[in-house]
Each structure stands twice: as C-alpha cells, then as structure tokens.
Amino acid sequence: MPDAWLASYPGVREHEPLAPHSWYGIGGRARYFLELADDGRLGELIGRLTAEQHPYLVIGAATNTLFAADELSGLTIKIATRHLSMEGDTISASAGYLMPKLAAEAARAGRAGLEFAAGVPGTVGGSVFGNAGAFGGEVKDRLVQVAAIDPQGQHQTLTAKECAFAYRDSVFKAARPGWLVVSATFATTPETSQAVRARLLEVQKHRRATQPIEQRSLGSTFKNPPGDSAGRLIDASGLKGMRIGGAQVSPKHANFIVNLGEASADDVLALMAEMRNRVFERFGIELEPEIRVIGRTPAG
Ligand code: EPU
C-alpha cells in the first residue's frame with residue numbers, strides 16, 4: 001500500500017473531522033491530517049510527499065478557509081508553531097503564531113507598526129499568504145523577509161520584494177503552489193508601550209463596532225473591487241440579513257457571512273452565489289471571493 005508510511009507517520013490521523021479545526025465550524029474530513037507544533041522535520045516530509053506525488057494542503061487557524069469537500073484527499077498539515085523572537089527592531093514569528101498575539105507582544109515590548117495585526121484573526125503564515133490587512137495596515141508594509149519551504153522540501157528565504165505582495169495577494173497565493181511559509185520577520189519602530197497599546201485598542205474597538213466578531217465568520221467574503229467596497233455593494237443590493245440554511249449575510253457588515261449554528265459549506269456557497277448574482281445584476285460588478293474555498297469551486 002503506497003500510503004502506508006503516511007498512515008504511520010508520527011502524529012498523522014486518518015479521516016479527521018475538519019470542523020473543529022475551522023474557525024467557521026464547517027468542514028468535512030481530511031483523509032490524512034497532521035498538526036505540527038514543531039516544523040523541524042517539515043522540509044523532509046514535504047520533499048517526500050512531492051516525490052511520491054501525494055497531494056498536501058497547508059492550513060493555519062483556518063479563519064479564512066471554507067472546507068467544502070466531503071473528504072479532502074492527501075495530507076492536510078495544520079501549522080501550529082508558536083515561536084516569537086525579537087532582535088534589534090525586528091520581530092520574527094513562526095507561521096502558526098496568531099496575528100493578534102503578535103500585535104500584543106509587539107505592543108508590550110514597545111515596538112510600533114504591527115497594531116493592524118490586532119484586527120487580523122489568523123496566523124502569521126496565512127496572513128503572509130494572503131497579505132492580510134486591516135485598519136490601514138497590511139503585512140507588506142512591515143514585512144522584511146519570509147522563511148519558506150518549497151515543494152522539494154528545500155528551505156528558502158524570500159525578501160519582501162520577492163513576495164510580490166498586492167492587495168490580498170502574494171507570490172505564494174498566485175505563483176508558488178506547494179510552497180509553505182515557515183516564519184516571517186517584520187520591521188518595527190521603537191515607541192512607548194503605552195502609545196502602541198492605545199492604537200492597538202483603537203483597532204480592536206473599531207473592529208468590534210463594524211464587524212460581527214461575536215459570531216463565527218470567515219471575515220470578508222469578497223475582495224473589494226477597485227475603488228469600491230464589497231460590503232457597500234452587497235448592502236445596497238438589499239442582502240443584509242438574507243439567509244440560506246444556517247448561513248446569513250451579517251446584518252452588521254454585508255461582506256461577512258455568519259454561521260448561525262448549523263451552516264453547511266453548501267449553504268455558504270449558495271449564499272455567495274446569490275450575493276455575486278445580485279451585485280452583478282444591480283451594479284454590473286463581478287465580486288471575487290476573498291475566502292479560500294477548498295475542495296469546490298465557488299459558484300458564481
Ligand atoms: N459598508 C456598507 N455596508 C456594510 C458594510 C460596509 O455600506 O454592510 C460600507 C462602509 O460604510 C464603508 C465601506 O463600505 O464606507 C467599507 O467598509 P469597511 O470600512 O467595513 O471596510 P471593508 O472594505 O468592508 C476592509 C477589509 C477588512 C478589514 C477592514 C478594516 C477587504 C475585503 N476587507 O473591509 O478585512 O478588516 O477593511 O480595515 O479588504 C478580511 O480581509 O477578512 C477583512 C475583514
């Protein structure tokens with residue numbers, strides 16, 4: 001059996017339910033699943049998977065990912081590394097480190113520039129992948145370099161320029177399938193802890209006031225089209241509060257789809273299709289998904 005080594009690889013679980021690993025609480029199963037708190041042997045593992053043509057998917061906190069397959073084939077690797085180090089004015093964090101915690105630790109150490117991360121509910125790896133941003137800041141503004149692993153399992157270092165960041169986009173998302181982020185180094189500026197923390201609290205306050213953070217969602221469902229806002233367009237199409245099954249267009253922010261409890265991936269995808277269709281009919285604008293849909297192409 002060609003998969004035998006994978007099934008017996010330390011820590012690998014079979015037919016793992018993904019809902020508990022999804023911020024949304026939605027998911028089928030993963031044929032093979034591995035959660036890694038230590039990335040020491042990750043290069044070797046990735047190299048072997050590629051050599052043997054085993055598909056693999058790398059996830060972080062899955063705060064931006066909809067698991068839409070009944071059972072994902074191959075190995076799903078959840079990166080749960082939690083290292084942080086500071087040197088001079090730079091801060092390096094492992095891919096599994098949570099962005100709000102990065103913001104808090106930077107503030108505690110009196111280092112400014114990462115306050116926006118308090119409004120990004122995901123991991124460092126996922127945030128580099130999608131050039132995450134919030135409230136006036138995004139990853140690309142402060143990123144110095146990224147340590148990554150390529151599909152052959154080799155360790156690589158990319159400068160910020162090589163990451164080719166653009167709005168909610170990076171070279172990893174656009175042009176490097178199979179690569180994964182191991183850690184990222186950010187530049188910060190010294191400032192009093194108090195001043196940094198005050199701005200961080202502003203970010204949190206603004207987020208609480210404008211986004212349905214008390215409910216489960218994947219954040220912004222669609223990217224903002226150039227010069228406009230997906231939330232405004234969906235709202236103006238009269239869709240706030242619309243429900244399909246357990247999925248609802250948030251009455252608080254129209255670009256968020258909240259899980260009322262029992263939403264399925266089908267409910268979310270059907271609601272996304274409806275939002276895209278209604279906005280297109282009304283404004284002639286095609287919304288592009290921002291969330292990552294795994295195992296199915298988002299309808300539209
Ligand atoms: N608006 C409406 N109705 C709504 C929601 C928004 O009319 O239901 C209007 C607002 O009044 C505002 C405009 O749309 O004039 C923009 O809304 P908002 O300030 O809430 O920001 P956004 O463009 O919807 C972006 C990011 C968020 C980020 C916030 C805050 C995208 C797709 N979304 O949202 O990122 O937190 O700015 O900086 O770029 C995410 O990527 O998952 C995410 C949450």
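Where is the place of Asn-131? Asn-131 sits in the loop between α4, residues 124–129, and β9. I start there and then go to the ligand. One caution before that: what you see above is a predicted model.

Asn-131 has a phi near 40°, which is a positive value in a residue other than glycine. In general, most residues other than glycine have a negative phi. As for burial, Asn-131 has 0% relative accessibility and counts as buried.

There is another residue of this kind to show you, Gln-53. Its phi is near 55°, again a positive value in a residue other than glycine. Gln-53 is in the loop between α2, residues 42–51, and β3, residues 56–59. Its positive phi comes just after α2. Is Gln-53 buried or exposed? Gln-53 is exposed, with a relative accessible area of 73%. To put the two side by side: Asn-131 is buried, whereas Gln-53 is exposed.

While we are at α2, here is its buried set. The buried residues of that helix are Leu-42, Gly-43, Leu-45, Ile-46, Gly-47 and Leu-49.

Now the ligand. How many residues surround the ligand? The number is 19, and the closest of them are Phe-135, Tyr-167, Asn-224, Asp-235 and Glu-290. Sorted by class, the shell has six nonpolar, eight polar and five charged residues.

I have three contacts to oxygen atoms of the ligand, and I will take them in order of residue number. For Phe-135, a backbone N or O atom lies 2.5 Å from a ligand oxygen. For Tyr-167, a polar side-chain atom is 2.7 Å from an oxygen atom of the ligand. For Ser-220, the distance from a backbone N or O atom to a ligand oxygen is 2.9 Å. So much for single atoms; next is the ligand as a whole.

How much of the ligand's own accessible area does the protein cover? On its own, the ligand has 810 Å² of accessible area, and the protein covers 70% of that. Two elements give two or more residues to the shell around the ligand: β9, residues 133–134, and α8, residues 230–236. The largest share, three residues, comes from α8. As for β9, you have met that strand already, at the end of the loop that holds Asn-131.

Next is helix α7, residues 193–210. The helix has 18 residues and reaches 26 Å from its first C-alpha to its last, close to the 26 Å expected at 1.5 Å a residue. Which residues of α7 are buried? They are Val-196, Leu-200, Val-203 and Arg-207. These residues cover an arc of only 50° around the axis, so they are on the same side of α7. The face turned away from that buried side carries the exposed residues Gln-194, Lys-205 and Ala-209. If you have the model open, turn α7 and look for these two sets of residues.

Take one residue from the buried side, Val-203, which lies in helix α7. Val-203 has a relative accessible area of 8% and is buried, the cut-off for that label being under 20%. Val-203 and Val-120 are 83 residues apart in sequence, and their C-alpha atoms are 9.9 Å apart in space.

For contrast, here is another pair that is separated along the chain. Met-86 is in strand β6, residues 84–87, and at 32% relative accessibility Met-86 counts as partly exposed. Met-86 and Ala-247 are 161 residues apart along the chain, and 41 Å separates their C-alpha atoms.

Last, two polar contacts made by buried side chains. Ser-94 is in strand β7, residues 90–94. With 5% relative accessibility, Ser-94 counts as buried. What lies 2.8 Å from a polar atom of the side chain of Ser-94? It is the backbone nitrogen of His-83.

The other one is Gln-248, in strand β16, residues 247–249. Gln-248 is buried too, with a relative accessible area of 13%. Its side chain reaches the backbone oxygen of Gly-241 at 3.2 Å.

To recap: the ligand has 19 residues around it, with α8 giving the largest share of that shell. Helix α7 has its buried residues on the same side. Positive phi values turn up at Gln-53 and at Asn-131.

Methods:
Residues are numbered from 1 along each chain as its sequence is written. This is a predicted model: local features need pLDDT of at least 70, side-chain atom pairs count only at pLDDT 80 or more; totals for chains, interfaces and linings use all residues. Side-chain values use heavy atoms; hydrogens and water are left out. A residue is near a molecule or strand if one of its heavy atoms lies within 4 Å of it. A polar contact is a pair of N or O atoms within 3.5 Å; within protein, one must be able to donate a hydrogen and the other to accept it, and residues adjacent in sequence count only if both atoms are side-chain atoms. Accessible areas come from the Shrake-Rupley method with a 1.4 Å probe; for residues, only the protein chains shown count as cover. Helices (H or I, at least four residues) and strands (E, at least two) are DSSP runs, numbered from the N terminus. Ala, Val, Leu, Ile, Met, Phe, Trp, Tyr, Cys and Pro count as nonpolar, Asp, Glu, Lys and Arg as charged, and the others, Gly among them, as polar. The expected span of a helix is 1.5 Å times one less than its number of residues. Buried means under 20% relative accessible area, exposed over 50%, partly exposed in between (1.4 Å probe, protein chains only). The arc is that of the directions from the helix axis to the C-beta atoms.
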